[in-house]
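Let's walk through this fold together, one piece at a time. Please have the sequence and the 3D view open as you read.

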Amino acid sequence: MVNAIKGLFISCDIPMAQFIVNMNASLPASERFIVHMLDPTHMFVQPHVAEMIRSKIGEFRDQNSYEKPQ
């Protein structure tokens, strides 16, 4: 039998993939969302975490943005 799992395919660069992996590792085992790491830049995750990943990446980018002082 073949088991099918509904999920979300993510393709990104290696630093962003490591950010997502670290975010996944910081959660309790029951809440982890990465189903399978396909290679260093592609992963398959549970579909319900898409918005959480987007918001965490947005926060990360905001924290790492330089704003020139006026």
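At what angle do helix α1 and helix α2 pack, and how far apart are their axes? Keep in mind as you look that this is a predicted model. Two packed helices are described by the angle between their axes and the distance between the axes. Here α1 spans residues 14-25 and α2 spans residues 50-63; the angle is about 115°, and the axes lie 11 Å apart. The crossing of these two helices is right-handed.

You can pick out the residues that make this contact. From α1 come Met16, Phe19, Ile20 and Met23, while α2 brings Ile53, Lys56, Ile57, Phe60 and Arg61. Sorted by character, seven residues of the contact are nonpolar and two are charged, with no polar ones among them.

Now turn to the sheet. Strands of a sheet pair through backbone hydrogen bonds, either parallel or antiparallel. In this model three strands form an open sheet, ordered β1-β3-β2, and their pairing is antiparallel. β1 (8-11) and β2 (34-39) are the edge strands, each pairing on one side only. On average, and ignoring direction, neighbouring strands are turned by 20° against each other. If you follow β1 alongside β3, you will find four bridges joining the two antiparallel strands; Ser11, for instance, has His42 of β3 as its bridge partner.

How does α1 sit relative to these strands, and which of them does this helix touch? Helix α1 packs on the sheet and touches β1, β2 and β3, with its direction at about 150° to that of β2.

Next, look for the largest nonpolar core, which has 12 residues in all: Ile10, Cys12, Met16, Ala17, Ile20, Met23, Phe33, Met43, Val45, Val49, Ile53 and Ile57. At least two of these residues come from each of α1, β3 (42-45) and α2. The element that gives the most to the core is α1, with four residues.

One last stop is Asn24, which lies in helix α1. Is Asn24 buried or exposed? Buried means under 20% relative accessible area. Asn24 has a relative accessibility of 10%, so this residue counts as buried. Leaving aside residues up to four places away in sequence, Asn24 touches Arg32, Phe33 and Ile34. Of these neighbours, Phe33 is one you have already met in the largest nonpolar core.

Terms used
Residues are numbered from 1 along each chain as its sequence is written. This is a predicted model: local features need pLDDT of at least 70, side-chain atom pairs count only at pLDDT 80 or more; totals for chains, interfaces and linings use all residues. Side-chain values use heavy atoms; hydrogens and water are left out. Axes are lines fitted to C-alpha atoms, for helices over the stretch in contact, and angles run from 0 to 180 degrees between N-to-C directions. A crossing is left-handed if the near helix is turned anticlockwise from the far one by less than a right angle, and right-handed if clockwise. Contact means heavy atoms within 4.5 Å. Ala, Val, Leu, Ile, Met, Phe, Trp, Tyr, Cys and Pro count as nonpolar, Asp, Glu, Lys and Arg as charged, and the others, Gly among them, as polar. A nonpolar core is a set of buried Ala, Val, Leu, Ile, Met, Phe, Trp, Tyr and Cys residues joined through side-chain atoms within 4.5 Å. Buried means under 20% relative accessible area, exposed over 50%, partly exposed in between (1.4 Å probe, protein chains only). Two strands pair if DSSP finds at least two bridges between them.
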